[in-house]
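Here is a friendly walk through the packing, the backbone turns and the internal spaces of the structure below. Have your viewer ready and follow along.

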Amino acid sequence: LVQRGVRLLRRGGCRGVTVVTGAASEQVRALLGPNVRVVDNPRWHSGMASSLSAGIDPLGDAPAVVVALVAPPLVAPAAICRLVDRWRRGALVAVATYGGAARHPILFDARTYVAVRDSATGDRGARTLLRRRPEWVQPVACDDVASPRDIDTAADLHALLAEPDPNPRSPGDGDLPEEPPWN
């Protein structure tokens, strides 16, 4: 799933990719090539907010960041491209929506980094900030190129294996080691 997430971001046009790790840090690090920045989050058990902060802190002068979770794997690179396009047209925050409901991935302009980090608590990530600053948020419909379906259990994974892969591996995927086939 982590390799798929890296592939998604690269194919969606992201120049640098940072992976925030938690409980399985060493195993995840072993799956990634040298061109992927890995940030360990020793506070992963406290919830999504600590991972969000850990990922935003080292960004430096990056003009924007796309936050993509690995658990909803049925996301095509076109979803990332749409978020980036909306940002290029002036959005401070571009949020993928499904049936009108905001989900992941989310793009944050650099001008929001401090607010994102400061408002993130527990397992809510940036949700509180997005509700407090709706004028920042630009919804981006992604129903036709992604699904918000999560993988939380082995049964979820088994069910998703039957779905078409919107982000398949191809021979030119660079520094990512081989992974088992999706189906």
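## Helix 4 and its cover

The buried residues of helix 4 are covered by elements including helix 1 (2-11), strand 3 (64-67), strand 4 (93-98), strand 5 (101-109) and strand 6 (137-141). Helices (H or I, at least four residues) and strands (E, at least two) are DSSP runs, numbered from the N terminus. The model is a predicted one, in which local features need pLDDT of at least 70 and side-chain atom pairs count only at pLDDT 80 or more, while totals for chains, interfaces and linings use all residues. Residues are numbered from 1 along each chain as its sequence is written, and side-chain values use heavy atoms, with hydrogens and water left out.

Which residues of helix 4 are buried? They are P77, A79, I80, L83, V84 and W87, where buried means under 20% relative accessible area, exposed over 50% and partly exposed in between (1.4 Å probe, protein chains only). Seen down the axis of helix 4, these buried residues fall within an arc of 160 degrees, so they line one face of the helix; the arc is that of the directions from the helix axis to the C-beta atoms. As a reminder, an α-helix has 3.6 residues a turn, so residues three or four places apart point the same way.

The length of helix 4 can be checked too. Its twelve residues (77-88) should span 16 Å at 1.5 Å a residue, and the end C-alpha atoms are 17 Å apart, which agrees. The expected span is 1.5 Å times one less than the number of residues.

## Two enclosed helices

Helix 1 has eight of its ten residues buried, so it is largely enclosed by the rest of the structure. Those residues are V2, Q3, R4, G5, V6, R7, L8 and L9. They pack against strand 1 (18-21), helix 2 (25-31), strand 3 and helix 4, with contact meaning heavy atoms within 4.5 Å.

Helix 3 (residues 48-56) is also largely enclosed by the rest of the structure, because seven of its nine residues are buried. The buried residues here are A49, S50, L52, S53, A54, G55 and I56, and their packing partners are strand 1, strand 2 (37-40), strand 3 and helix 5 (113-119). A54 is a handy residue to zoom in on: at 14% relative accessibility, A54 counts as buried. Not counting residues up to four places away in sequence, A54 touches V20, V39 and N41.

## A64 and D109

A64 sits in strand 3, and D109 in strand 5. Is A64 buried or partly exposed? At 22% relative accessibility, A64 counts as partly exposed, while D109 is buried, with a relative accessible area of 6%.

Leaving aside neighbours within four places in sequence, A64 is in contact with W87, L107, F108, D109, A110 and Y113. By the same kind of count, which excludes residues up to four places away, D109 touches P63, A64, W87, A91 and L92.

## Backbone details

Two glycines follow helices with a positive phi. Just after helix 1, G13 has a phi of about 105 degrees, and helix 4 is followed by G90, with phi near 110 degrees. There is also a cis peptide bond between H104 and P105, with omega about 0 degrees; P105 is part of strand 5. For context, most residues other than glycine have a negative phi, and most peptide bonds are trans.

## Cavities

How many cavities of 30 Å³ or more are there? The count comes to two. On a 1 Å grid over the protein atoms alone, a cavity is a set of points where a 1.4 Å probe fits but cannot get out, and lining residues have an atom within 4 Å of a point. Grid points are joined across faces, edges and corners, and a volume is the space filled by probe spheres set on the points.

The largest cavity has a volume of about 60 Å³ and is lined by L1, R4, G5, L8, L69, V70, P72, P73, V75 and N167. The second largest has a volume of about 40 Å³, and its lining is L8, A68, L69, P72, V75, H104 and P105.

Note on methods. 1 Å grid on protein atoms, 1.4 Å probe; cavity = no way out; pocket = protein on both sides within 12 Å on 5 of 7 lines; lining within 4 Å.
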